[in-house]
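Here are a few notes to go with the model, for anyone opening it for the first time. Have a look at it first, then read on.

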2 protein chains.
Amino acid sequence: MPIFAAPTRDLQFVLHDLLKVSAQDIPGYAELDADFTSAVLEEAGKVASEVLAPLNTVGDTEGCHLENGVVRTPTGFKAAFDQVREGGWTGLDCDPDYGGQGMPYTLGTAVGEIFVSANMAFNMYQGLTHGAYSAIHAHASDELKAIYLPKMVTCEWTGTMNLTEPHCGTDLGLMRTKAEPQGDGSFKITGQKIFISAGDHDMAENIIHLVLAKIPGGPEGIKGVSLFIVPKFVVNADGSLGARNGVSVGKIEEKMGIHGNSTCVMNYDGATGFLVGEEHKGMKAMFTMMNEARIGVGLQGYAVAEAAYQNAVAYAKDRLQGRAVTGTENPDGPADPLIVHPDIRRNLMEQKSFVEGARALTVWGANLIDRAHKTGDEAAEGLISLLTPVIKGFQTDKGFEMCVQAQQVYGGHGYIEEHGMSQFARDARIAMIYEGANGVQALDLVGRKLAADGGKHVMAFFEMVKDECKAHAEDARMAGFVEPMKAASKQLQAAAMYFVQSGMKNPNNALAGSYDFMHMMGHVCLGLMWTRMAKAAYDALDAGASDKNFYETKIATGRFYMARQLPACAMHLQRIESGAETVMALGAESF
Amino acid sequence: MPIFAAPTRDLQFVLHDLLKVSAQDIPGYAELDADFTSAVLEEAGKVASEVLAPLNTVGDTEGCHLENGVVRTPTGFKAAFDQVREGGWTGLDCDPDYGGQGMPYTLGTAVGEIFVSANMAFNMYQGLTHGAYSAIHAHASDELKAIYLPKMVTCEWTGTMNLTEPHCGTDLGLMRTKAEPQGDGSFKITGQKIFISAGDHDMAENIIHLVLAKIPGGPEGIKGVSLFIVPKFVVNADGSLGARNGVSVGKIEEKMGIHGNSTCVMNYDGATGFLVGEEHKGMKAMFTMMNEARIGVGLQGYAVAEAAYQNAVAYAKDRLQGRAVTGTENPDGPADPLIVHPDIRRNLMEQKSFVEGARALTVWGANLIDRAHKTGDEAAEGLISLLTPVIKGFQTDKGFEMCVQAQQVYGGHGYIEEHGMSQFARDARIAMIYEGANGVQALDLVGRKLAADGGKHVMAFFEMVKDECKAHAEDARMAGFVEPMKAASKQLQAAAMYFVQSGMKNPNNALAGSYDFMHMMGHVCLGLMWTRMAKAAYDALDAGASDKNFYETKIATGRFYMARQLPACAMHLQRIESGAETVMALGAESF
């Protein structure tokens, strides 16, 4: 069975050395001192290691089953869900007015990482509920909020997102699900939704579906889409559960991974629904949920990679195979451990430097969301809006790639299911697809976010990178960070400039390079994180920190990332500058 | 169910336009005129589409099962195997002295690609038999050859390779399986072997295991390993099957993919075996099999990607989602097909340009093997020995990556098992691992092949690339090929030079860059293939070829590869030149 231990030390480093959260002037942050967050993370780590991680293989092997219209989750899931619920983990960063603990989203994100690493499929039941909670909290009437939120904060009722239909995923304007007003404020929802994660299960009393549908007579396409709450069981006026609503599970999908989560086809047959927000403004409401969900998916990318990495390291230290070319390192054994071999090191360093960099970027992203929401900081809002497709797209691509690399360390033992390395790769694969396939993230980034508000957010980002480089210009120890950072950010700016100039002539020139740009920007973001982390580590060392090895390792890991990963930026730029010509040369019939 | 149609047109292009096989002065090649190979490929394509491809999903879903000590293959496999056998496909390029058809290996490779694309797991039963056939053919006594080869040529008896043991894969010197001489020329084999593909099944009368084992008293480590034939049923003097030998299936592994192939733990309990080749020279004999197997695995890399690509194209043309940013292309439909979107094009072009380039490289590789074996050309032998780890390592990494990209085109529909796109990715994943994990291929390339025979083969390769560039220097149409090729080959040479110079100081400097070098050389090889293919296509166009669109598409596809993929070489060089320092900086305890 795979091992897992929560990386609490590294999360503490991100929260306190890097972000200095308790010193930030955001309401609720003063409480986040190192002792407090340490206690929370340690406790979460215990639940993760002892309760959730042991169920990861079980979930994969058993999967979910539809029995007489009801989904059965794998053995042990329900008891574990109860434990998570009773521990108060589900409402950590929810509104105290509805029973939440009111902690910052940043802390919720750090805890979320630990849970996702331990058992991604399991954590989705809670994660989707949180997303649904956020959309209802932001857009629904006080009446609906009062009925649904308290139960969702505790996960007594869980939530889902219903967007996709058989014929439309990305292009939701094609949607056919109908919502007919009943004159009493309610609607009758009719249609079929597919790929509904946690669509049904046996771990909650009620399931609150958030469903996008069209009210007949509304505007065409995406502008005529509204958002509805459709509970599995209708809720009576006194809050008790009433009749079964007209929503049922058509089937459970057989998937490549995340078998522990029930991915359902949901059929709505005149189900009673309640409008969330305004008519025809459903996409706006859904986007609240989707942006949060996208950061959550970006988190999945590196969180699963963290778990895979821990196992790859353990195997590389344990498995004896071959001898170090520079001289035997385990003379008493029949061979040296795998970890002596340079190519195994390269592989592990790629994993480690990615995971730690992505962790910093994601928690910083959560920090920006807190700042935007709790202080109304528009610059923070603009920046996180720009970074969201990068966090989602880049981190899930790389996260999957790193799971595949972790699997590779095991050789043939990585391909058989016994050691769990295949599961990490299979689970991580979905993150590249859902909440907007990564090609759509790239389109969002290049087609929308770069130009948003006259390009001011991307300009601010470039400025931020420049300032970071300048700040360490005189510090010789930082040269291994500043120089690659400067080069990469110059390349990123050149790519953006290319889009502006050649995209004017032909928008395909920009779009054909969008995927490369997303990756390039991902490297620049991680480069920025590593530069800041190195500085924070040097500061700690200068201040005489006791765990010297931790900080020195941090700096060495960052140096690897800068030397070995930032060179990808030049490649992406060259690809981008080759334009759309070779990409679009063929007629569709020539494929 | 996934679609599959054999790419016979493109294989014909490689055989005739690119390699001009029938004009090559290799025994047996004169027969390979276009009509003949076309007939063979078309016929193979029919078997592949009609018999093998429909069983691909069946094999994945049902898998193999151990029942009372015997492995049951999925429904329909046995009948299909009979059909392949009866069609004479199994002995296409085998020695006529043993019932083979004596065709060149090049043609066998082209046919093999078609079969692998249609059903990789199924084709492994035959593929491994071919590898075992080759090792026996090259190294066994005439007596053993007479007994075993005729039945293996027809696949009435199938073959396996037994190298790995639970505690050793790459490092075979640690092997524990024993072979005790019985005084009558036979040996008693005792030990456990794992990950034995096609280790047992119900499709052949007998299974001929090639087993590596140590004869007690022999040299330590890898130098004391010998190769044995261990039949499942002992063969009587008259060729009839005798008693069950002391070999049994311990269990079948649950794997990420290739479920249709039985991956077995094989237990040898004093099983009767017969020495192949000389005592303690087992690795030499096994390498005959392994080199062929490595090219075969490199072929799997792009062959599965070909099948995945075909489906991705079909989906991209069929699925309506969004509108082209440059103006609606399907005004009568509710949306445009996916294929209008530049990022989908980028994705498909990456697949197409890789698959076609890898096809050319692999078939050329087979051509070099024919030349080496049939004419004793040492330059060809040296070149294919150099290229083998590139064909295996680079093509399987990229092949898997392309399957993942093909899956991505389907969005959520790619993640569910229904459409078969997950299977392509899961199946292709093993090719990066078996027959020497890709890190070992990189080590073989940089640590062994570059320096082999005083570096003369890699120098010849560089010379070949240079000559190719020179030959088209005056041809303005070829500039899009020659310029990137020149740059990339210069970078590759710089990397080799770096290895020589800095590897002298510390071998880790070379080994830490080995994986990057393998990929870099892969791109240069495919660049070389595309340069040659473009020239061949221009020649055909100049000669007034009738299917103009095919040749123009070929050139456009090559231009994409050169513009969009060769820039990776600069990145790899930069990574390589950063040396081992950041890779090896951490102590093992710091991971």
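1. Let's begin where the two chains meet, keeping in mind that this is a predicted model. Six salt bridges turn up across the interface of chain B and chain A. One to look at joins B:Glu581 to A:Arg559, where the closest N and O atoms sit 3.6 Å apart. Polar contacts cross the interface too: 50 residue pairs, both partners at pLDDT 80 or more.

2. Which element gives the largest share of the side of chain B that touches chain A? That would be helix H18 of chain B (residues 548–564), with eight residues. Sorted by type, the residues on this side of chain B come out as 44 nonpolar, 29 polar and 22 charged.

3. Next, the extent of the contact. An interface's size is often quoted as the accessible area lost when the parts come together. Here chain B and chain A bury about 7,800 Å² between them, and 60% of that is on carbon and sulfur atoms. On the chain B side, the residues losing the most area to chain A are B:Tyr415, B:Arg564 and B:Phe591, which together make up 12% of what that side buries. Each chain puts 95 residues into the contact: 95 from chain B and 95 from chain A.

4. Now the symmetry. A turn of 180° with a shift of 0.0 Å along the axis lays chain B on chain A, with an RMSD of 0.0 Å. The two copies are therefore related as by a two-fold rotation axis. If you want a landmark in chain B, try B:Met571: its C-alpha is the nearest to the axis, at 3.1 Å. Both copies use the same surface, as 100% of the contact residues of chain B recur in chain A.

5. Back to salt bridges, this time over all chains, where the count comes to 66. A nice one within chain A pairs A:Glu356 with A:Lys554, the closest N and O atoms being 2.8 Å apart. A:Glu356 lies in helix H9 (residues 342–375) of chain A and A:Lys554 in helix H18 (residues 548–564) of chain A, so this pair ties together parts 198 residues apart in sequence.

6. Last, the layout of chain A. How is chain A divided into domains? Domain 1 takes in 53–87 + 119–280, domain 2 covers 285–441, and domain 3 covers 446–584. Taken over C-alpha atoms, the centres of domain 1 of chain A and domain 3 of chain A are 38 Å apart.

Methods: Residues numbered from 1 in each chain as written. Chains lettered and ligands numbered in written order. Predicted model: local features only at pLDDT ≥ 70, side-chain atom pairs only at ≥ 80, totals over all residues. Heavy atoms only, no water. Domains from an automatic or database assignment. Contact = heavy atoms within 4.5 Å. Buried area = accessible area lost by both parts, 1.4 Å probe. Salt bridge = Lys/Arg side-chain N within 4 Å of Asp/Glu carboxyl O. Polar contact = N/O pair within 3.5 Å; in protein donor to acceptor, adjacent residues only side chain to side chain. Helix = DSSP H or I, 4+ residues; strand = E, 2+ residues; numbered from the N terminus. Nonpolar A, V, L, I, M, F, W, Y, C, P; charged D, E, K, R; others polar. Least-squares fit on C-alpha atoms with pLDDT ≥ 70 in both.
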